[in-house]
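Student: I have a model open and I'd like to learn how to read it. Could you walk me through it?

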Amino acid sequence: MLPSIRDFAADGFDPSRYARLGDDWWVAAADVEGSTLLAQAGRDRDVNFVAGAAVAVLSAVAGGPGQPAACQFGGDGAVAVIPPERVAATREAMAALGWWSTHELDIPLRVGMVPVAALHRQGHVVLAALHDFGNTNVFGQFLGAGVPMAEHWMKADAQWRITPKEGELPGLEGLSCRWEPIPPRRGHILCIIIDPIDPLGDAVRQVLRRLEQVVTTERAAPLGDGGALRPVVVPRARLLGIEAKVVARGQRLLRMGRAVLGSAVLGVVHRLGGKALGIDAGFYRRKVAERSDYRKLAGGPRLVLDVTADEDARIESLLNEAEADGLIHFGLARSTATTMTCMVGDFSADRHVHFVDGDGLGYWRASVMLKEKLNTKSR
(Lines give C-alpha, C1' and ligand atoms only; values in the text may rest on other atoms or scores of the structure.)
Protein backbone atom coordinates (compact mmCIF):
# COMPACT_ATOMS: atom_id res chain seq x y z
CA MET A 1 0.00 0.00 0.00
CA LEU A 2 1.41 3.37 -1.01
CA PRO A 3 1.48 6.10 1.67
CA SER A 4 -1.16 8.83 1.60
CA ILE A 5 -0.97 12.59 1.82
CA ARG A 6 -4.03 14.72 2.55
CA ASP A 7 -2.63 18.25 2.62
CA PHE A 8 -0.93 19.09 -0.69
CA ALA A 9 0.66 22.34 0.49
CA ALA A 10 2.06 20.86 3.72
CA ASP A 11 3.07 17.37 2.60
CA GLY A 12 3.27 17.28 -1.19
CA PHE A 13 6.98 18.15 -1.34
CA ASP A 14 8.08 16.07 1.66
CA PRO A 15 9.97 12.99 0.38
CA SER A 16 9.43 11.25 3.72
CA ARG A 17 5.69 11.09 2.90
CA TYR A 18 6.39 9.05 -0.25
CA ALA A 19 7.40 5.45 -0.96
CA ARG A 20 10.68 4.94 -2.81
CA LEU A 21 9.73 2.30 -5.36
CA GLY A 22 11.85 -0.81 -5.79
CA ASP A 23 13.32 -2.33 -8.94
CA ASP A 24 10.34 -4.64 -9.42
CA TRP A 25 7.89 -1.76 -10.00
CA TRP A 26 7.16 -0.26 -13.42
CA VAL A 27 5.99 3.09 -14.78
CA ALA A 28 3.17 2.99 -17.35
CA ALA A 29 2.56 5.95 -19.64
CA ALA A 30 0.16 6.95 -22.41
CA ASP A 31 0.57 9.93 -24.74
CA VAL A 32 -1.59 11.24 -27.57
CA GLU A 33 0.29 11.71 -30.84
CA GLY A 34 -0.45 14.65 -33.11
CA SER A 35 -1.91 16.91 -30.42
CA THR A 36 -1.17 19.96 -32.59
CA LEU A 37 -3.44 18.84 -35.42
CA LEU A 38 -6.10 17.59 -33.02
CA ALA A 39 -6.15 20.92 -31.18
CA GLN A 40 -6.38 22.81 -34.48
CA ALA A 41 -9.33 20.61 -35.43
CA GLY A 42 -11.14 21.53 -32.22
CA ARG A 43 -10.78 18.06 -30.74
CA ASP A 44 -9.29 19.05 -27.39
CA ARG A 45 -12.18 17.44 -25.50
CA ASP A 46 -11.55 14.16 -27.34
CA VAL A 47 -7.89 14.32 -26.34
CA ASN A 48 -8.78 15.01 -22.70
CA PHE A 49 -11.23 12.10 -22.82
CA VAL A 50 -8.55 9.71 -24.05
CA ALA A 51 -6.22 10.90 -21.28
CA GLY A 52 -9.03 10.35 -18.76
CA ALA A 53 -9.63 6.89 -20.24
CA ALA A 54 -5.96 6.06 -19.68
CA VAL A 55 -6.32 7.02 -16.00
CA ALA A 56 -9.52 4.98 -15.68
CA VAL A 57 -8.00 1.87 -17.23
CA LEU A 58 -4.76 2.15 -15.25
CA SER A 59 -6.73 2.70 -12.04
CA ALA A 60 -8.69 -0.47 -12.71
CA VAL A 61 -5.77 -2.75 -13.54
CA ALA A 62 -3.02 -1.36 -11.29
CA GLY A 63 -5.09 -1.18 -8.11
CA GLY A 64 -7.17 -3.57 -6.08
CA PRO A 65 -9.42 -3.78 -3.01
CA GLY A 66 -7.87 -1.58 -0.35
CA GLN A 67 -5.00 -0.70 -2.69
CA PRO A 68 -5.90 2.24 -4.96
CA ALA A 69 -3.55 2.82 -7.87
CA ALA A 70 -1.36 5.93 -8.16
CA CYS A 71 -2.38 7.39 -11.53
CA GLN A 72 -2.15 10.90 -12.92
CA PHE A 73 -3.93 12.77 -15.72
CA GLY A 74 -1.75 14.89 -17.98
CA GLY A 75 -4.18 16.57 -20.40
CA ASP A 76 -3.03 14.63 -23.47
CA GLY A 77 -1.81 11.54 -21.64
CA ALA A 78 -1.50 9.79 -18.32
CA VAL A 79 1.04 8.05 -16.11
CA ALA A 80 0.89 5.49 -13.30
CA VAL A 81 3.20 3.36 -11.20
CA ILE A 82 2.57 -0.38 -11.38
CA PRO A 83 3.29 -2.92 -8.61
CA PRO A 84 5.01 -6.13 -9.73
CA GLU A 85 1.95 -8.36 -9.41
CA ARG A 86 -0.02 -6.10 -11.78
CA VAL A 87 2.54 -5.73 -14.58
CA ALA A 88 1.19 -8.42 -16.93
CA ALA A 89 -2.43 -7.25 -16.64
CA THR A 90 -1.38 -3.65 -17.14
CA ARG A 91 0.58 -4.49 -20.28
CA GLU A 92 -2.49 -6.17 -21.81
CA ALA A 93 -4.78 -3.29 -20.85
CA MET A 94 -2.38 -0.69 -22.26
CA ALA A 95 -2.24 -2.56 -25.57
CA ALA A 96 -6.04 -2.56 -25.69
CA LEU A 97 -6.17 1.13 -24.77
CA GLY A 98 -3.86 2.04 -27.65
CA TRP A 99 -5.96 0.01 -30.09
CA TRP A 100 -9.27 1.49 -28.84
CA SER A 101 -8.09 5.11 -29.00
CA THR A 102 -6.77 4.72 -32.53
CA HIS A 103 -9.62 2.69 -34.00
CA GLU A 104 -12.66 3.98 -32.12
CA LEU A 105 -11.76 7.64 -31.57
CA ASP A 106 -9.26 8.15 -34.42
CA ILE A 107 -6.71 9.47 -31.91
CA PRO A 108 -3.27 7.80 -32.16
CA LEU A 109 -2.05 6.94 -28.70
CA ARG A 110 1.43 5.82 -27.73
CA VAL A 111 1.40 3.45 -24.78
CA GLY A 112 4.33 1.90 -22.96
CA MET A 113 5.95 0.74 -19.76
CA VAL A 114 9.40 1.37 -18.31
CA PRO A 115 10.90 -0.74 -15.50
CA VAL A 116 11.93 1.22 -12.43
CA ALA A 117 15.11 -0.87 -12.44
CA ALA A 118 16.15 0.77 -15.76
CA LEU A 119 15.46 4.20 -14.31
CA HIS A 120 17.52 3.39 -11.24
CA ARG A 121 20.46 2.33 -13.41
CA GLN A 122 20.47 5.86 -14.83
CA GLY A 123 20.17 7.44 -11.37
CA HIS A 124 16.48 8.40 -11.62
CA VAL A 125 14.51 7.92 -8.41
CA VAL A 126 10.76 7.19 -8.33
CA LEU A 127 8.86 8.38 -5.25
CA ALA A 128 5.10 7.79 -5.21
CA ALA A 129 2.20 8.61 -2.89
CA LEU A 130 -1.58 8.85 -3.02
CA HIS A 131 -3.26 12.23 -2.66
CA ASP A 132 -6.13 10.84 -0.60
CA PHE A 133 -9.52 12.55 -0.37
CA GLY A 134 -11.08 9.64 1.50
CA ASN A 135 -13.45 6.88 0.39
CA THR A 136 -10.87 5.57 -2.14
CA ASN A 137 -10.92 8.89 -4.05
CA VAL A 138 -7.22 9.38 -4.87
CA PHE A 139 -4.73 10.83 -7.34
CA GLY A 140 -1.11 9.79 -7.80
CA GLN A 141 1.65 12.21 -6.77
CA PHE A 142 5.25 11.64 -7.87
CA LEU A 143 8.58 13.12 -6.76
CA GLY A 144 12.01 12.49 -8.23
CA ALA A 145 13.06 12.42 -11.87
CA GLY A 146 11.90 8.86 -12.52
CA VAL A 147 8.30 9.36 -13.65
CA PRO A 148 8.88 12.27 -16.07
CA MET A 149 11.96 10.47 -17.41
CA ALA A 150 9.91 7.31 -18.02
CA GLU A 151 7.39 9.37 -19.99
CA HIS A 152 10.23 10.89 -22.03
CA TRP A 153 11.77 7.48 -22.75
CA MET A 154 8.44 6.04 -23.86
CA LYS A 155 7.85 8.91 -26.28
CA ALA A 156 11.40 8.94 -27.66
CA ASP A 157 12.30 5.25 -27.89
CA ALA A 158 10.13 2.48 -29.35
CA GLN A 159 11.77 -0.17 -27.16
CA TRP A 160 9.60 0.99 -24.26
CA ARG A 161 6.34 0.99 -26.22
CA ILE A 162 3.58 -1.60 -26.29
CA THR A 163 2.06 -2.62 -29.61
CA PRO A 164 -1.67 -1.83 -29.67
CA LYS A 165 -3.90 -4.90 -29.73
CA GLU A 166 -7.66 -5.27 -29.43
CA GLY A 167 -8.73 -6.47 -26.00
CA GLU A 168 -10.73 -5.84 -22.86
CA LEU A 169 -10.78 -2.35 -21.37
CA PRO A 170 -11.77 -2.34 -17.69
CA GLY A 171 -12.59 0.83 -15.79
CA LEU A 172 -14.30 2.91 -18.48
CA GLU A 173 -17.83 2.45 -17.18
CA GLY A 174 -17.82 5.65 -15.15
CA LEU A 175 -15.85 7.91 -17.49
CA SER A 176 -17.71 10.97 -18.80
CA CYS A 177 -17.15 14.42 -20.34
CA ARG A 178 -20.58 16.11 -20.13
CA TRP A 179 -19.64 19.40 -18.46
CA GLU A 180 -19.44 22.50 -20.60
CA PRO A 181 -16.20 24.54 -20.33
CA ILE A 182 -16.22 26.30 -16.97
CA PRO A 183 -15.58 30.05 -17.16
CA PRO A 184 -13.06 31.62 -14.77
CA ARG A 185 -14.32 33.54 -11.75
CA ARG A 186 -11.25 35.73 -11.26
CA GLY A 187 -9.68 36.41 -14.66
CA HIS A 188 -8.34 33.64 -16.88
CA ILE A 189 -6.94 30.12 -16.61
CA LEU A 190 -3.17 29.64 -16.34
CA CYS A 191 -1.66 26.19 -16.85
CA ILE A 192 1.85 25.83 -15.42
CA ILE A 193 4.47 23.08 -15.66
CA ILE A 194 7.56 23.48 -13.48
CA ASP A 195 10.51 21.08 -13.74
CA PRO A 196 13.17 21.47 -11.04
CA ILE A 197 16.83 21.18 -11.96
CA ASP A 198 17.36 19.20 -8.73
CA PRO A 199 14.33 16.88 -8.55
CA LEU A 200 14.65 16.24 -4.80
CA GLY A 201 16.07 19.62 -3.78
CA ASP A 202 14.25 22.32 -1.90
CA ALA A 203 14.35 24.95 -4.65
CA VAL A 204 11.02 24.08 -6.26
CA ARG A 205 9.31 24.15 -2.87
CA GLN A 206 10.67 27.68 -2.39
CA VAL A 207 9.44 28.69 -5.86
CA LEU A 208 5.96 27.40 -5.11
CA ARG A 209 6.02 29.18 -1.75
CA ARG A 210 6.70 32.44 -3.57
CA LEU A 211 3.88 31.66 -5.98
CA GLU A 212 1.55 31.08 -3.03
CA GLN A 213 2.45 34.55 -1.78
CA VAL A 214 1.15 36.00 -5.04
CA VAL A 215 -2.07 33.98 -4.76
CA THR A 216 -2.69 30.78 -2.87
CA THR A 217 -3.34 27.82 -5.14
CA GLU A 218 -6.41 27.06 -3.07
CA ARG A 219 -7.86 30.52 -3.74
CA ALA A 220 -6.97 30.19 -7.42
CA ALA A 221 -8.57 26.73 -7.76
CA PRO A 222 -10.30 26.82 -11.18
CA LEU A 223 -13.54 25.31 -9.81
CA GLY A 224 -13.50 27.43 -6.66
CA ASP A 225 -15.46 25.79 -3.87
CA GLY A 226 -17.92 24.33 -6.37
CA GLY A 227 -20.59 26.88 -5.60
CA ALA A 228 -20.58 28.40 -9.10
CA LEU A 229 -20.68 25.06 -10.96
CA ARG A 230 -23.84 24.43 -12.96
CA PRO A 231 -24.50 20.78 -13.83
CA VAL A 232 -25.57 20.30 -17.44
CA VAL A 233 -29.20 19.28 -17.95
CA VAL A 234 -28.88 18.07 -21.55
CA PRO A 235 -25.28 17.33 -22.65
CA ARG A 236 -24.20 18.22 -26.16
CA ALA A 237 -24.67 15.40 -28.64
CA ARG A 238 -21.00 15.47 -29.60
CA LEU A 239 -19.88 14.93 -26.01
CA LEU A 240 -22.39 12.12 -25.60
CA GLY A 241 -21.00 10.56 -28.75
CA ILE A 242 -17.47 10.59 -27.37
CA GLU A 243 -18.60 9.05 -24.10
CA ALA A 244 -20.62 6.34 -25.85
CA LYS A 245 -17.49 4.96 -27.49
CA VAL A 246 -16.40 3.34 -24.22
CA VAL A 247 -18.91 0.52 -24.93
CA ALA A 248 -19.54 -1.82 -27.86
CA ARG A 249 -21.38 -0.40 -30.86
CA GLY A 250 -24.61 -2.21 -30.08
CA GLN A 251 -24.75 -0.69 -26.60
CA ARG A 252 -24.03 2.93 -27.45
CA LEU A 253 -27.59 4.23 -27.74
CA LEU A 254 -28.35 2.76 -24.32
CA ARG A 255 -25.21 4.35 -22.90
CA MET A 256 -26.22 7.73 -24.33
CA GLY A 257 -29.72 7.39 -22.95
CA ARG A 258 -28.42 6.65 -19.47
CA ALA A 259 -26.05 9.62 -19.72
CA VAL A 260 -28.88 11.96 -20.70
CA LEU A 261 -31.08 10.68 -17.87
CA GLY A 262 -28.32 10.97 -15.27
CA SER A 263 -27.42 14.50 -16.34
CA ALA A 264 -31.06 15.57 -16.49
CA VAL A 265 -31.79 14.36 -12.97
CA LEU A 266 -28.74 16.07 -11.46
CA GLY A 267 -29.25 19.24 -13.48
CA VAL A 268 -32.94 19.55 -12.64
CA VAL A 269 -32.35 18.87 -8.94
CA HIS A 270 -29.73 21.62 -8.93
CA ARG A 271 -32.13 24.07 -10.52
CA LEU A 272 -34.97 23.16 -8.17
CA GLY A 273 -32.97 24.07 -5.09
CA GLY A 274 -30.32 21.37 -4.84
CA LYS A 275 -32.00 18.57 -2.87
CA ALA A 276 -34.48 16.02 -4.19
CA LEU A 277 -34.79 12.34 -5.07
CA GLY A 278 -32.06 11.52 -2.54
CA ILE A 279 -29.59 13.77 -4.37
CA ASP A 280 -27.79 16.71 -2.77
CA ALA A 281 -26.52 18.67 -5.76
CA GLY A 282 -24.74 21.22 -3.57
CA PHE A 283 -22.75 18.50 -1.78
CA TYR A 284 -21.85 16.94 -5.12
CA ARG A 285 -20.62 20.26 -6.55
CA ARG A 286 -18.44 20.87 -3.49
CA LYS A 287 -16.91 17.42 -3.82
CA VAL A 288 -16.32 17.91 -7.56
CA ALA A 289 -14.27 21.01 -6.77
CA GLU A 290 -12.44 19.37 -3.87
CA ARG A 291 -11.50 16.31 -5.91
CA SER A 292 -10.27 18.08 -9.02
CA ASP A 293 -6.60 17.55 -9.85
CA TYR A 294 -5.64 21.20 -10.35
CA ARG A 295 -2.52 20.69 -8.17
CA LYS A 296 -0.22 17.74 -8.76
CA LEU A 297 3.40 16.69 -8.82
CA ALA A 298 5.23 14.73 -11.52
CA GLY A 299 8.80 15.53 -10.59
CA GLY A 300 7.69 19.17 -10.28
CA PRO A 301 4.37 21.01 -9.95
CA ARG A 302 1.66 20.90 -12.59
CA LEU A 303 -1.02 23.53 -11.90
CA VAL A 304 -4.28 24.79 -13.39
CA LEU A 305 -5.11 28.14 -11.77
CA ASP A 306 -7.74 30.85 -12.12
CA VAL A 307 -5.73 34.09 -11.87
CA THR A 308 -6.04 37.83 -12.44
CA ALA A 309 -3.91 39.60 -15.03
CA ASP A 310 -1.73 41.08 -12.26
CA GLU A 311 -1.23 37.68 -10.60
CA ASP A 312 -0.36 36.15 -13.97
CA ALA A 313 2.34 38.77 -14.60
CA ARG A 314 3.81 38.34 -11.11
CA ILE A 315 3.81 34.55 -11.38
CA GLU A 316 5.54 34.61 -14.77
CA SER A 317 8.09 37.09 -13.43
CA LEU A 318 9.02 34.93 -10.45
CA LEU A 319 9.23 31.84 -12.66
CA ASN A 320 11.51 33.67 -15.09
CA GLU A 321 13.70 34.73 -12.18
CA ALA A 322 13.92 31.18 -10.82
CA GLU A 323 14.74 29.88 -14.30
CA ALA A 324 17.47 32.50 -14.76
CA ASP A 325 18.93 31.42 -11.41
CA GLY A 326 19.23 27.86 -12.72
CA LEU A 327 16.63 26.41 -10.33
CA ILE A 328 13.86 25.36 -12.71
CA HIS A 329 12.59 25.16 -16.24
CA PHE A 330 8.95 26.00 -16.86
CA GLY A 331 6.21 26.28 -19.44
CA LEU A 332 2.86 27.99 -19.21
CA ALA A 333 -0.26 28.57 -21.28
CA ARG A 334 -3.35 30.70 -20.91
CA SER A 335 -6.93 29.61 -21.52
CA THR A 336 -10.36 31.20 -21.42
CA ALA A 337 -12.03 28.34 -19.52
CA THR A 338 -11.45 25.07 -17.66
CA THR A 339 -12.41 21.75 -19.21
CA MET A 340 -13.30 18.78 -17.04
CA THR A 341 -13.38 15.02 -17.56
CA CYS A 342 -14.99 12.93 -14.82
CA MET A 343 -14.38 9.44 -13.46
CA VAL A 344 -17.34 8.33 -11.38
CA GLY A 345 -16.89 5.00 -9.64
CA ASP A 346 -20.19 5.07 -7.75
CA PHE A 347 -22.25 8.27 -7.60
CA SER A 348 -24.48 7.03 -4.77
CA ALA A 349 -21.44 6.03 -2.70
CA ASP A 350 -19.70 9.39 -3.25
CA ARG A 351 -16.87 7.90 -5.28
CA HIS A 352 -15.81 10.28 -8.02
CA VAL A 353 -12.73 12.29 -9.11
CA HIS A 354 -12.30 14.94 -11.79
CA PHE A 355 -9.53 15.85 -14.23
CA VAL A 356 -9.11 19.49 -15.26
CA ASP A 357 -7.23 21.23 -18.05
CA GLY A 358 -7.24 24.64 -19.68
CA ASP A 359 -9.40 24.71 -22.81
CA GLY A 360 -7.48 24.27 -26.03
CA LEU A 361 -5.22 21.72 -24.28
CA GLY A 362 -3.59 24.12 -21.85
CA TYR A 363 -1.30 21.51 -20.30
CA TRP A 364 -0.10 20.41 -23.71
CA ARG A 365 0.58 24.00 -24.79
CA ALA A 366 2.54 24.61 -21.59
CA SER A 367 4.57 21.45 -22.29
CA VAL A 368 5.31 22.69 -25.83
CA MET A 369 6.71 25.94 -24.40
CA LEU A 370 8.86 23.97 -21.96
CA LYS A 371 10.10 21.61 -24.67
CA GLU A 372 11.04 24.49 -26.98
CA LYS A 373 13.08 26.10 -24.20
CA LEU A 374 14.94 22.85 -23.51
CA ASN A 375 15.59 22.26 -27.22
CA THR A 376 16.98 25.78 -27.60
CA LYS A 377 19.23 25.34 -24.60
CA SER A 378 20.62 22.02 -25.89
CA ARG A 379 21.71 23.48 -29.24
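Student: Which residues in the largest nonpolar core touch the most other members?

Tutor: Keep in mind that this is a predicted model. As a general idea, nonpolar side chains in soluble globular proteins tend to be buried together. Here, the largest nonpolar core has 54 residues, and Ile-192, Leu-211, Leu-223, Leu-305, Ile-315, Leu-319 and Met-340 touch the most other members. Strand 10, residues 188–196, gives the most to this core, with six residues. There is also a second, separate core of 49 residues, which includes Ala-80, Leu-105, Ile-107 and Trp-364.

Student: Let me zoom in on one of those. What is Leu-211 in contact with, leaving aside its neighbours within four places in sequence?

Tutor: Its partners are Ile-192, Thr-217, Leu-303, Leu-305, Ile-315 and Leu-318. Ile-192, Leu-305 and Ile-315 also appear among the residues that touch the most other core members.

Student: Now the whole chain. How many helices and strands does it have?

Tutor: Twelve helices and 17 strands. The radius of gyration is 20 Å, close to the 21 Å that the globule rule gives for 379 residues, so the chain is as compact as a globular protein of that length. Along the principal axes, the C-alpha atoms fill a box of roughly 55 × 50 × 40 Å.

Student: And what share of the residues counts as buried?

Tutor: 55% of the 379 residues. As for the outside, the accessible surface is about 15,700 Å², and carbon and sulfur atoms hold 53% of that. Charges are worth a look too: there are 44 positive and 44 negative side chains, and the centres of the two sets lie 3 Å apart.

Student: How do contacts split by sequence separation? What percentage comes from residues 24 or more positions apart?

Tutor: Taking the contacts with a separation of 6 or more, residues 24 or more positions apart account for 78%. Thr-341 gives you a place to see contacts across the sequence: it touches Asn-48, Phe-49, Gly-52, Leu-175, Ser-176, Val-353, His-354 and Phe-355, not counting residues up to four places away.

Student: Where does Thr-341 lie, and is it buried or exposed?

Tutor: Thr-341 lies in strand 16. Its relative accessible area is 2%, so Thr-341 is buried.

Student: Gly-345 is in strand 16 as well. Is Gly-345 buried or exposed?

Tutor: Strand 16 spans residues 338–346 and does hold Gly-345. At 56% relative accessibility, Gly-345 counts as exposed, because the cut-off for that class is over 50%. Apart from residues up to four places away in sequence, Gly-345 touches Arg-351 and His-352. Gly-171 is 174 residues from Gly-345 in sequence, yet their C-alpha atoms are 8.6 Å apart in space.

Student: Next, backbone angles. Which residue has a positive phi of about 65 degrees although it is not a glycine?

Tutor: The general idea first: most residues other than glycine have a negative phi. In this model, Thr-136 has a positive phi of about 65 degrees. Thr-136 sits in the loop between strand 7 (127–132) and strand 8 (138–143), and is partly exposed at 45% relative accessibility. Asp-350, not a glycine either, has a positive phi of about 60 degrees. The place of Asp-350 is the loop between strand 16 and strand 17 (351–358), where it counts as buried at 18% relative accessibility.

Student: Why does 18% make Asp-350 buried?

Tutor: Because buried means under 20% relative accessible area, and Asp-350 has 18%.

Student: Let's try another loop. Where is Gly-144 found?

Tutor: Gly-144 is in the loop between strand 8 and helix 6 (146–156). It is buried, with a relative accessible area of 1%. Leaving aside neighbours within four places in sequence, Gly-144 is in contact with Val-125, Pro-199, Leu-200 and Gly-299.

Student: Finally, a helix. What does Ser-263 touch, not counting residues up to four places away in sequence?

Tutor: Arg-178, Val-232, Val-233 and Pro-235. Ser-263 is found in helix 9, residues 252–271, and counts as buried at 7% relative accessibility. For another serine, look at helix 12 (residues 362–378), where you'll find Ser-367. Ser-367 is partly exposed, with a relative accessible area of 26%.

Note on methods. Residues are numbered from 1 along each chain as its sequence is written. This is a predicted model: local features need pLDDT of at least 70, side-chain atom pairs count only at pLDDT 80 or more; totals for chains, interfaces and linings use all residues. Side-chain values use heavy atoms; hydrogens and water are left out. Helices (H or I, at least four residues) and strands (E, at least two) are DSSP runs, numbered from the N terminus. The radius of gyration is taken over C-alpha atoms; the globule rule is 2.2 Å times the number of residues to the power 0.38. Buried means under 20% relative accessible area, exposed over 50%, partly exposed in between (1.4 Å probe, protein chains only). Contact means heavy atoms within 4.5 Å. Accessible areas come from the Shrake-Rupley method with a 1.4 Å probe; for residues, only the protein chains shown count as cover. Lys and Arg count as positive and Asp and Glu as negative; His and the chain ends are not counted. The place of a charge is taken as NZ of Lys, CZ of Arg, CG of Asp or CD of Glu. A nonpolar core is a set of buried Ala, Val, Leu, Ile, Met, Phe, Trp, Tyr and Cys residues joined through side-chain atoms within 4.5 Å.
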